[in-house]
Amino acid sequence: MAQLYIKRSLEPVLRKAVSEFPAVILTGPRQSGKTTLLKRLFSEQFRYVSVEPPDVRAAATEDPRGFLELYPAPVIFDEVQYAPDLLSYIKERIDADRSRAGQYLLTGSQNLLLVQNITESLAGRAAILRLLPLSRREIDGRPHAPLAWELESQSSASPRSGFGALWQEFLGGGYPELAIQPDRDVSLWHSSYIQTYLERDVRALRQVGDLTQYQNFLRVLAARSAQLLNLADVARDLGVAVNTIKAWLSVLEATYQVIVLRPYHANIGKRLVKSPKVYFSDVGTLCYLVGLKDPNHAASGPMGGAILETAVLSEIVRTLTHRGIDPRIYFLRTLAGTEVDFVVEADAGLVPIEVKLSATPRPAMAASIRRIQNDMKGSAGRGFVVHPGDIRLPLAPDVTAIPLTDL
């Protein structure tokens, strides 16, 4: 029988925040497990209220003070973005008893709208945390396992997936419902997820008029995953204005469906003016949008490299985010033409990471990392070549090939 709950890395961070702040905001994409996590940890102390049903939403919007009288703290308000004006009245309640921690737990699946209202209403009164789909660590029962560069020793005892099993896992992605029910029809689940996302989240955002055209945009963007993003090309393919594409991309970011990766530059200002790369946040979503249903086709087809890069990036982002840390991850392309898929700003310096589709690591795969290490002496540290196989191998001084499962 499949396990019914997977322990999340965010749990200790969330408990600490609830013990220190009057309000805690938990954001993240739909179906990432926000409600399950809050109910599991706090159901004995907090009443639960979903703001999404139309009658509840109307009550919260039309008479917010009466609504808060009906549901006094401590209370969980789920999907609070449906009644954003409620936040001002929550602030009023908090200010009446500012020293009391753990009054309100709020969730939302639309980041920018929610945070804008929080900034205006709950500044200094709320901790903001994000819960993303499951990391491999969480699925494997190692929610607090360190990342590869955080280990003193380069030995690892992480579970290993066979090559075929790994690519089958990519098709599913990291949403908890699929992880605890492995017999689900993966394609049907993702189809339903995208439709729900379109109907509930995207329709609520004013930048989107034509949902069908927006769904076409999702597929066009998925086909360009892990590439430099040329907004003009995307706009031309879809027959819409570039500004429309920019607005739609902001919707994807606001609803946690994509990660926009900027180029690394020592001058922070210059990172913002160069072309970014866009990755879908969940590798299962990516596979569904490009029409992949077979692990062999996923591994050997033209999207294989993008799928593996997405899996690597999402593992790093989820691991750091679930510690309550804002991930600082970039790609690197030098004027001399040297490219590295990812660089992570870690406490010990920059960690360069190359992702290779071959399960047979060779010393030549370390060449780009070695050049970066030589060019950025003192700032670029130990590097890693991540691959889908099961071999761990030193490729050069300070460069190790590791399986994705050891990341």
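Is Ala226 buried or exposed? At 13% relative accessibility, under the 20% limit, Ala226 counts as buried. The legends below visit this residue and several other places in a predicted model.

**Figure 1. Ala226 sits in a loop between two helices.** Here we look at the stretch that joins helix 11 (211–223) to helix 12 (231–238), where Ala226 is found. Although Ala226 is not a glycine, its phi is positive, at about 75 degrees. Its relative accessibility of 13% places Ala226 among buried residues.

**Figure 2. Helix 13 leads into Tyr256, a residue with positive phi.** Start with helix 13, which covers residues 242–254. With 13 residues at 1.5 Å a residue, helix 13 should span 18 Å, and this agrees with the 18 Å between its end C-alpha atoms. Buried residues of helix 13 include Ile245, Trp248, Leu249 and Leu252. Ala247, Val251 and Ala254 in this helix are buried too. Move on past the helix to find Tyr256 in the loop that runs between helix 13 and strand 6 (258–261). The phi of Tyr256 is near 65 degrees, a positive value in a residue other than glycine. Tyr256 has a relative accessible area of 7%, so it counts as buried.

**Figure 3. Helix 1 packs against helix 2.** This view brings together residues 11–20, which make up helix 1, and residues 34–42, which make up helix 2. The two helices pack at an angle of about 65 degrees, and their axes are 11 Å apart. Helix 1 passes helix 2 in a right-handed crossing. On the side of helix 1, the residues that meet helix 2 are Glu11, Leu14, Arg15 and Val18. Their counterparts in helix 2 are Leu37, Leu38, Arg40, Leu41 and Phe42. Sorted by class, this contact has 6 nonpolar and 3 charged residues, with no polar ones.

**Figure 4. Five strands build an open, parallel sheet.** To find your way across this sheet, follow the strand order 2-3-4-1-5. The edges belong to strand 2 (47–50) and strand 5 (126–130), each of which has a single partner strand, so one side of each is left without a neighbour in the sheet. On average, neighbouring strands are turned by 15 degrees against each other, direction ignored. Within the sheet, strand 1 (residues 23–27) pairs with strand 4 (residues 104–108) in the parallel sense, over 5 bridges. One residue to pick out is Leu26, whose bridge partner in strand 4 is Thr107.

**Figure 5. Arg30 and Glu52 touch each other from two loops.** Arg30 lies in the loop between strand 1 and helix 2, while Glu52 has its place in the loop between strand 2 and helix 3 (54–62). Arg30 is buried, with a relative accessible area of 7%. Glu52 also counts as buried, at 16% relative accessibility. Leaving aside residues up to four places away in sequence, Glu52 touches Arg30, Arg57, Asp78, Glu79, Tyr82 and Arg200. On the same basis, Arg30 touches Glu52, Glu79, Tyr82, Ser109, Tyr175, Tyr193, Thr196, Arg200 and Asp201.

**Figure 6. A cis peptide bond joins Ala73 to Pro74.** Omega of this bond is near 0 degrees. You can find Pro74 in the loop between helix 4 (64–70) and strand 3 (75–78).

**Figure 7. Helix 17 is largely enclosed by the rest of the structure.** Of the 18 residues in this helix, 17 are buried, so helix 17 is largely enclosed by what lies around it in the structure. Helix 17 takes in residues 304–321. At 1.5 Å a residue it should span 26 Å, which agrees with the 26 Å that separates its end C-alpha atoms.

**Figure 8. Strand 8 and strand 9 form a hairpin.** In this close-up, strand 8 (residues 329–333) has 4 of its 5 residues buried, so the strand is largely enclosed by the rest of the structure. Strand 8 pairs with strand 9 (residues 339–346) in the antiparallel sense, and there are 4 bridges between them. Arg333 has Glu339 of strand 9 as its bridge partner. Between the two strands of the hairpin are 5 residues, and Gly337 takes a positive phi near 100 degrees.

How values were computed: Residues are numbered from 1 along each chain as its sequence is written. This is a predicted model: local features need pLDDT of at least 70, side-chain atom pairs count only at pLDDT 80 or more; totals for chains, interfaces and linings use all residues. Side-chain values use heavy atoms; hydrogens and water are left out. Axes are lines fitted to C-alpha atoms, for helices over the stretch in contact, and angles run from 0 to 180 degrees between N-to-C directions. A crossing is left-handed if the near helix is turned anticlockwise from the far one by less than a right angle, and right-handed if clockwise. Contact means heavy atoms within 4.5 Å. Ala, Val, Leu, Ile, Met, Phe, Trp, Tyr, Cys and Pro count as nonpolar, Asp, Glu, Lys and Arg as charged, and the others, Gly among them, as polar. Buried means under 20% relative accessible area, exposed over 50%, partly exposed in between (1.4 Å probe, protein chains only). Two strands pair if DSSP finds at least two bridges between them. The expected span of a helix is 1.5 Å times one less than its number of residues.
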